[in-house]
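Notebook open, structure loaded. I want to see what sits inside this fold and how the helices meet.

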Amino acid sequence: MTELLYWLDLFGVVVFALSGALMAGRYKLDPFGVVVLASVTAVGGGTIRDVILGAYPVFWVANPIYLWLILLTAILTILLVRRPKRIPKRFLLIADAFGLALFAVLGTAKALSLGAPMPVAIVMGTLTGVAGGMIRDVLCNVIPMILRQEIYATAAMLGSCLYVALDYFAFAQNSSLILAIAGALTLRLAAIYWQVSLPAFHISEKEANKEKTDSRE
């Protein structure tokens with residue numbers, strides 16, 4: 001792992017841990033709940049990725065500094081953010097967007113370094129970016145963002161595809177990382193700012209009733 005890759009990975013863990021801790025504060029969880037939610041958000045996606053790819057030991061087991069960073073982030077959030085409900089929801093979305101972009105690209109880079117084919121690396125990168133947030137939302141009984149209309153997984157997939165393409169054309173790794181992260185982050189932030197979303201799949205009650213009537217006839 002290059003030095004830039006390592007520091008970006010640590011930064012991504014902090015950002016996602018902050019996202020989980022703020023979500024815990026909004027739902028009035030106790031300190032243990034804050035740490036749990038920060039942890040699953042920060043390392044959930046990477047853990048699933050490593051297990052699927054057979055990368056043992058899992059990254060946070062091999063290097064416990066990730067756990068210390070999560071714990072420190074959770075404690076500082078509890079101490080410094082007294083009223084999480086007063087923090088604009090958009091701030092949580094922006095923190096999550098940074099984590100999404102970072103982890104999607106870093107997950108792709110790790111998958112490629114382990115010899116995964118390009119399509120598998122893209123899936124692993126996308127999974128790394130979205131799985132932690134999905135677990136966080138499920139624990140808070142919220143519909144995960146990946147299942148809503150919002151451009152979320154699409155942004156992660158864009159970052160993964162950009163990194164794979166740049167790596168294929170032999171761009172320098174540091175440049176590839178920065179460009180791919182910037183691409184995913186720009187798309188996600190643009191979607192948040194302009195409230196851009198994908199069209200929803202919807203079957204109206206009239207259509208459903210008509211289909212039932214037609215089937216009876």
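Before anything else, a cut-off I need for F16: a residue is called buried when its relative accessible area is under 20%, and exposed when that is over 50%. I also note that this is a predicted model.

**Entry 1: F16**

I looked up F16 and found it in helix 1. Its relative accessibility is 0%, so F16 counts as buried. I then listed what F16 touches, skipping residues up to four places away in sequence: A38, T41, A42, D96, G99, L100, F103 and G129. I also checked the spacing to one of these, A38. F16 and A38 are 22 residues apart along the chain, and their C-alpha atoms are separated by 7.1 Å.

**Entry 2: helix 1 against helix 2**

Next I went to the helix pair. How far apart are the axes of helix 1 and helix 2, and at what angle do they pack? I get 7 Å between the axes and an angle of about 140°. Helix 1 is therefore oblique to helix 2. I noted the crossing as right-handed.

For the residues involved, I wrote down V13, F16, A17, G20, A21, M23 and A24 on the helix 1 side. Facing them from helix 2 are G33, V34, L37, A38, T41 and A42. I sorted this contact by class and got ten nonpolar residues, three polar ones and no charged ones.

**Entry 3: the nonpolar core**

How many residues are in the largest nonpolar core? I count 47, and A42, I70 and L177 have the most contacts inside it. I listed the elements that give two or more residues to this core: helix 1 (3-26), helix 2 (31-53), helix 4 (65-80), helix 5 (89-113), helix 7 (153-168) and helix 8 (173-194). Helix 5 supplies the largest share, eleven residues. There is also a second, separate core of six residues, and A111, A116, A121 and M124 are among them.

I went back to A42 for its own partners. With neighbours within four places in sequence left aside, A42 is in contact with V13, F16, A17, I70 and F103.

**Entry 4: L10**

L10 is another helix 1 residue I looked up. Its relative accessibility is 6%, so L10 counts as buried. Which residues is L10 in contact with, leaving aside its neighbours within four places in sequence? They are I65, Y66 and L69. For L10 and I65 I took the C-alpha to C-alpha distance: 8.6 Å in space, with their positions 55 residues apart in sequence.

**Entry 5: D96 and S176**

I wanted to know about a charged side chain, and Asp counts as one. Is D96 buried or exposed? It is buried, with a relative accessible area of 0%. D96 is found in helix 5. Leaving aside neighbours within four places in sequence, I see D96 in contact with F16, S19, R136, M145 and Y152. The F16 list from my opening entry has D96 in it too.

My last lookup was S176, which has its place in helix 8. S176 is buried as well, at a relative accessible area of 1%. Its contacts, again without neighbours within four places in sequence, are Y163, L166, D167 and F171.

Key. Residues numbered from 1 in each chain as written. Predicted model: local features only at pLDDT ≥ 70, side-chain atom pairs only at ≥ 80, totals over all residues. Heavy atoms only, no water. Core = buried A, V, L, I, M, F, W, Y, C linked by side-chain atoms within 4.5 Å. Buried < 20%, exposed > 50% of the residue type's maximum accessible area, 1.4 Å probe, protein only. Helix = DSSP H or I, 4+ residues; strand = E, 2+ residues; numbered from the N terminus. Contact = heavy atoms within 4.5 Å. Axes fitted to C-alpha atoms, helices over the stretch in contact; angles between N-to-C directions. Parallel < 35°, antiparallel > 145°, perpendicular 65-115°, else oblique. Left-handed = near helix turned anticlockwise from the far one by under 90°.
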